[in-house]
Amino acid sequence: MSLEKFLTQSRSSWMNGNGPQSDIVLTSRIRLARNLKNNLFPTIFTPEDAKNVLQQIEDTLPLLTLHPLKDIEILKMEKLQPLHKRVLVEKHLISPNLAEDSSHGACLLTPNEEISIMVNEEDHIRIQCIFPGLQLNEALSLANAVDDQLEQHLEYAFNEVRGYLTSCPTNVGTGLRASVMVHLPGLVMTQQMSQLIPSINQLGLVVRGIYGEGSEALGNIFQISNQVTLGKSEQDIILDLTSVVEQIIEQEKSAREVLAKTSGLQLEDRVYRSLGILTNSRIMESKEAARCLSDVRLGIDMGYIKDIPKSILNELMILTQPGFLQQYAGGQLRPFERDVRRATLIRERLLLGKND
Amino acid sequence: MLCQECQKRPATLHFTKINNGEKTEVHLCEHCAGEKGDFFMFNQSPSLTINSLLAGLFNVQPSFQQEQQNKDYQANELVQCDKCGMTFSQFLKVGRFGCAHCYEVFETQLTPILRRLHGGNWKHSGKIPQRSGGTFHLKKKIDILKETLQTLVVNEEFEKAAEIRDEIRSIEKLMQEGGN
């Protein structure tokens, strides 16, 4: 498969990187957890229950009139190849749980991949909307519209006191998890992130490094999301998260300014060294790729590099994961082969970028 | 990369160990990792999941609690959902409910748990589904309208207030009809 073809097939609309504050915020995501009133929760349901849930949802599909849902496609987990599932996980469209453990699990996906609905994961229904940049409100309105539409045909588990009932009590109430993916190289380089994380936690929000374990965030990408789902309205949850994110954006911007002022040449050097590694390497581990991609993205944001589109970080962070590499290669790859593939893919992509 | 212990086999397990803020990276092959006890412990507790951590959180019993309360607590654990058969103690173990009805059956035990998880909150104040929400939707709307009415009266905007009052009445009428 040619790289161009692979890219067009693999790109999701939210990877294009155009959105408000998209120099720092990569994506905004909304997830709503819903369950059907009369079926047991996935915690203990039998395969028959699971099948019944999936059937009910399949039956509603032809009835959906909301425009973006018209061409929604149903992907049943049992029918997918393991590699295909892995790619969906790497794109954050489905969870590893749905891919591996679910009984009659499925994913409903719109062609632009803006909306994905997981069926029979931890809850019967999980509606997810992903937008590029800081667009939590937009994502919430879309998720709400999808939710309303489904609710016209399905009987939800809802309780006046507790709200939307979920398998896990950590999601009850609104069932809403709002999260933003932010690229914070400035705060990491100036070593402010370790102080910032505890104070964000105190505000009832969770910060995690993504594509990495523990406190170490690969590619300086962090995910910030709400913890509390009960007792606050959806709008308030979004508002709180947005205002914290806006402050983090400001801090990141001033960190970048300080870096440019005090050690501009060193920063430029670092950016171009990373670009050199990306354009010339023959073997590349994911950790190194993430680090260099982060530097290059920063270089684009700061205006050092002009001929590379800024969606590069978003896109390559996802496309250089093992599942994608193997899909591109058309088969299983050993870790070393992946590192070679990764280096090739990045080199070729950067060459394409210059022609854009 | 070779295993740093035996220097023979390739390292397949990579650990970052943080001890008193000091970070050490360790690269071992499976064989040597098995021999090094302190790393092996990861493999021995695969069941330490988020849910078992949650279950631990629910189980926290303040130390000052008296015998009698403990007995009540034990009785609580035997409460069983008549729809899915899950007992409260099972719920504490898995950290997840079996069905929507569990929320009603475990209602009294649940409030303190939810408060702990949701920063003191135990009551929903967000979206209400159009259909499944039933008349609750209308009740909520009346509450909001009543608040608006109050402000209008305080501000002496009586004409608008009368409109709101009529709206409340018509909704109340609608609810009664729905109820019958």
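In this predicted model, A:E58 is partly exposed, with a relative accessible area of 24%. Its side chain forms a salt bridge with A:K76, and the closest N and O atoms are 3.2 Å apart. A:E58 belongs to helix 2 (residues 47–60) of chain A and A:K76 to strand 2 (residues 73–76) of chain A, so the pair ties together parts that are 18 residues apart in sequence.

A second salt bridge joins A:K91 to A:E113, at 3.0 Å from N to O. This pair links distant parts of the chain, 22 residues apart. A:K91 sits in the loop between helix 3 (82–90) and helix 4 (96–101) of chain A. A:E113 sits in the loop between strand 3 (106–109) and strand 4 (115–119) of chain A. Both partners are buried: A:K91 has 4% relative accessibility, and A:E113 has 11%.

In chain B, B:D166 pairs with B:R165 in a salt bridge, with 3.3 Å between the closest N and O atoms. B:D166 is partly exposed, at 40% relative accessible area. B:R165 is also partly exposed, at 37%. Elsewhere, salt bridges with shared partners connect A:E121, A:E122, A:D123, A:R126 and B:R96 in one network. Over all chains, the count comes to 22 salt bridges.

Four salt bridges are counted between chain B and chain A. One is formed by B:K127 and A:D148, whose closest N and O atoms are 2.9 Å apart. Polar contacts between the two chains involve 22 residue pairs, both residues being at pLDDT 80 or more. On the side of chain B that touches chain A, helix 3 (50–59), helix 6 (102–105), helix 7 (107–117) and helix 8 (136–154) each supply at least two residues. Helix 7 of chain B gives the largest share, five residues. By residue class, this side of chain B divides into 16 nonpolar, 13 polar and nine charged.

The contact takes 44 residues from chain A and 38 residues from chain B. About 3400 Å² is buried between the chains, with 55% of that area from carbon and sulfur atoms. B:Y103, B:H124 and B:K127 supply 21% of the area that chain B buries against chain A, more than any other three residues.

A:V172 has contacts in both chains. This residue is found in the loop between strand 7 (163–164) and strand 8 (176–183) of chain A. Its relative accessible area is 0%, so A:V172 is buried. Beyond its neighbours within four places in sequence, A:V172 contacts residues including A:R162, A:Y164, A:T229 and A:L230 in chain A, and B:Y103, B:L114 and B:H118 in chain B. The C-alpha atoms of A:V172 and A:N159 are 10 Å apart, with their positions 13 residues apart along the chain.

A:N226 lies in strand 10 (residues 221–226) of chain A. At 3% relative accessibility, A:N226 is buried. A polar atom of its side chain lies 2.7 Å from the backbone nitrogen of A:A178. Not counting residues up to four places away in sequence, A:N226 also touches A:G204, A:L205 and A:I237, among others.

The largest nonpolar core holds 57 residues. Within this core, A:I30, A:I117, A:I125, A:I127, A:L150 and A:I224 touch the most other members. Helix 8 (residues 234–280) of chain A supplies the largest share, eight residues. Outside its neighbours within four places in sequence, A:I127 contacts residues including A:I30, A:L32, A:I117, A:V146, A:L150 and A:Y156. Another core, of 50 residues, lies apart from the largest one and has A:L75, A:I308, A:L313 and A:I346 among its members.

Conventions: Residues are numbered from 1 along each chain as its sequence is written. Chains are lettered from A and ligands numbered from 1 in the order in which they are written. This is a predicted model: local features need pLDDT of at least 70, side-chain atom pairs count only at pLDDT 80 or more; totals for chains, interfaces and linings use all residues. Side-chain values use heavy atoms; hydrogens and water are left out. Contact means heavy atoms within 4.5 Å. Buried area is the accessible area (1.4 Å probe) that two parts lose on being put together, summed over both. A polar contact is a pair of N or O atoms within 3.5 Å; within protein, one must be able to donate a hydrogen and the other to accept it, and residues adjacent in sequence count only if both atoms are side-chain atoms. Helices (H or I, at least four residues) and strands (E, at least two) are DSSP runs, numbered from the N terminus. Ala, Val, Leu, Ile, Met, Phe, Trp, Tyr, Cys and Pro count as nonpolar, Asp, Glu, Lys and Arg as charged, and the others, Gly among them, as polar. A nonpolar core is a set of buried Ala, Val, Leu, Ile, Met, Phe, Trp, Tyr and Cys residues joined through side-chain atoms within 4.5 Å. Buried means under 20% relative accessible area, exposed over 50%, partly exposed in between (1.4 Å probe, protein chains only).
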